[in-house]
Amino acid sequence: MRATTAGEFAPPRGADLDDPRYYLRNFHTLIDWVEAHHGELLLDSEKVRLAALRALPEPSRCLLVRMVMRSGDLFRQSKLSYAEIGDIAAAQAPLIQEGWVEQDPSIGIAEFCSLVTRPELSNAFQSELASLPASAKKADQSALLAERYGMALKPFSHWWPESGDRLFRLTDDSLLTRLRLLFFGNLSQDWSTFVLTELGHHRYEAVDFSADSRAFAARDEVDHYLRLHALRDALEQEVAYSEIYNALPSAPENDWLQSRQSRLVFQIARQAERAGDTEFAAQLYARSNHREALIRRFRVLEKTSPSGETLRALREHLDGPLRPETLEALERIEQRLARKLGEKKKSARKTDNLPRLDLTLPASSYVEAAVAEHLGNDQAPCLHVENSLINGLFALLCWDVLYAPLPGAFFHPFHAAPADLNRPDFVERRRDLFEARLNTLNSGEYTNLIRKNLGAKWGTTNRFVHWGLLTEELVDLALSCIPAQDLDVCFRRLLEDIPAHRSGLPDLVQFFPAERRYRLIEVKGPGDRLQDHQRRWLNFCLARGMDVSVCYVRWSDQSLTGEGDI
């Protein structure tokens, strides 16, 4: 792939899905994009390796891509069967010769067990498993074999000579992983996101790309990310948390990587806390900027060091700027700790004064739908929308702001949202753009913008929009019944903390078109209770004069004591 103009890159195009090897064409398109867009971040040896990849016979490249897209790095030949490739053994030979795969690698008994079925395991180790009943589970068989063979390593063909099968290991995954990271800007998206996705069924917003449209500016940033990813994997595999912490690289200069490293420190602290190493956990929480770190730190200190010093440190944080959910959690800890120490509480316990509805309905597995059906009618439709309505209207109004081509926002053409959406500076970087768009709520222009984007962007992947729910009928009702000032305050609250405020909105909306009004209803079935983020949204709406309530539902086959109605 080459640049179309100075500083601009043509987005990659998906292959013709009628081509049975379309995934290979897409794979090469991805590699071309990385080399054109991130070429200086690749070593000369890696570029040579990619050239050698392109020189492989096409069936061999198809097989390599198929293996890359499957989970794990071990593959039994009997499980590799693709009509468009044909002779698998012939396709494997060049891959073995060029070192892309290893034939019959040595593996442990646990790996062997993961590669075979229970009947196959019974067949391979008939004598060793004779002591177990015929109905024994595979987990019990694997445990017995692990006890017997310990750390022994053998090729698959030695573990089970009678199988006639062969095993192959993908050996050059590090380069392919680096390519995937450079393309997506993360490792949570896999090859299938681009290579196997039927692009005709997934629309993505077209964004202008430039030399700044990428996640990494230098190779050492890529290396740092990969190091953090490897350490996180090690943590999930229960490697000692202290070893992982000691292996952390120095703090990076890149703000985004700093955030990732801080999150890993938080995860290490959680492991330490679960293991009972509370002193170490508290130290790590203090070193992490993760949004939950401060809460976890003082929960640990509340249990392990309920002292005046802890209470003073906690109150110092209460005097500073805090996110609402952090403030609520710390206030609760402060109240408990002050009571335990016999001191006066600094923060008063808050009580809700939310309007309440009580309904008794026939039992249903879908309580929200049951309430919506009970309350709604042709003149006042009641719909289960939860977070979809406000989020969707926000996205339709601010669509071009969300997709503004700022540096670091989009790395490839398959983003459902900007890459920096959950970062603290997301809104600030677009402050003027958001203000200009929200100001349309004062002029009435917003209704035209929302309706225009509803039609033009329908089906385009967007993390804020649930197209199955955001119908034209729902949008028309919302624009007719919800005042612009209500949308304005809700959208502004959403922008205050997008990760926290995208959820927690009331379950139901009921429209009264003849009166041009609406109400929001949070539904709680038997045994359910309000969550903190739901309570915050309800109180926010109530304080601004919106019609909100909590509907508590009991099933008619339960005791009717205390039953009310609306």
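A crossing of two helices is called left-handed if the near helix is turned anticlockwise from the far one by less than a right angle, and right-handed if it is turned clockwise. With that in mind, the tour goes through a predicted model, beginning with a pair of helices to which the term applies.

**Helix 25 and helix 27**

Select residues 484-496, which make up helix 25, together with residues 532-543, which make up helix 27; the two pack at an angle of about 145°, with their axes 11 Å apart. Looking from one helix towards the other, you should find that helix 25 passes helix 27 in a right-handed crossing. If you now show side chains, the residues to display are Val489, Cys490 and Arg493 in helix 25, which meet Arg536, Trp537 and Phe540 in helix 27. Sorted by class, the residues of this contact are four nonpolar and two charged, with no polar residue among them.

**Helix 14 and helix 15**

Next, select residues 278-287 for helix 14 and residues 293-304 for helix 15, whose axes lie 8 Å apart and whose packing angle is about 150°. That angle makes helix 14 roughly antiparallel to helix 15, since angles over 145 degrees are counted in that way. Here the crossing by which helix 14 passes helix 15 is left-handed. On the side of helix 14, display Thr278, Ala282, Tyr285 and Ala286, and opposite them, in helix 15, Ala293, Arg296, Arg297, Val300, Leu301 and Thr304. The contact of helix 14 with helix 15 comprises six nonpolar, two polar and two charged residues.

**The five-stranded sheet**

Now turn to the strands and colour them in the order 8-12-11-10-9, which is the order in which five strands form an open sheet with mixed pairing. Strand 8 (356-361) and strand 9 (382-384) stand at the edges with a single partner strand each, so one side of each is left without a neighbour in the sheet. From one strand to the next, the twist averages 30°.

Start at the edge formed by strand 9, which is joined to strand 10 by three bridges, the two strands running antiparallel; to locate this pairing, pick His384, whose bridge partner in strand 10 is Leu508. Continue to residues 508-512, which are strand 10, and follow the five bridges that join strand 10 to strand 11, again with the strands antiparallel. A useful pair to label here is Val509 and its bridge partner in strand 11, Leu520. Between strand 10 and strand 11 the hairpin has four residues, and in this hairpin Arg516 takes a positive phi near 50°.

Strand 11 itself, residues 517-524, is mostly covered, with seven of its eight residues buried. Five bridges also join strand 11 to strand 12 (residues 548-555), but these two strands run parallel; Ile521 marks the pairing, with Ser549 as its bridge partner in strand 12.

**Helix 24, over the sheet and against helix 19**

For the last stop, keep the sheet visible and add helix 24, which lies across strand 9, strand 10 and strand 11 and runs at about 65° to strand 10. Then add residues 388-397, helix 19, whose axis comes within 11 Å of the axis of helix 24 (residues 472-481) and crosses that axis at roughly 90°. Helix 19 is therefore roughly perpendicular to helix 24. The contact is made by Leu389, Leu393 and Leu396 of helix 19 and by Leu474, Val475 and Ala478 of helix 24. The residues of this contact divide into six nonpolar, no polar and no charged.

How values were computed. Residues numbered from 1 in each chain as written. Predicted model: local features only at pLDDT ≥ 70, side-chain atom pairs only at ≥ 80, totals over all residues. Heavy atoms only, no water. Axes fitted to C-alpha atoms, helices over the stretch in contact; angles between N-to-C directions. Parallel < 35°, antiparallel > 145°, perpendicular 65-115°, else oblique. Contact = heavy atoms within 4.5 Å. Nonpolar A, V, L, I, M, F, W, Y, C, P; charged D, E, K, R; others polar. Buried < 20%, exposed > 50% of the residue type's maximum accessible area, 1.4 Å probe, protein only. Pairing = 2+ DSSP bridges.
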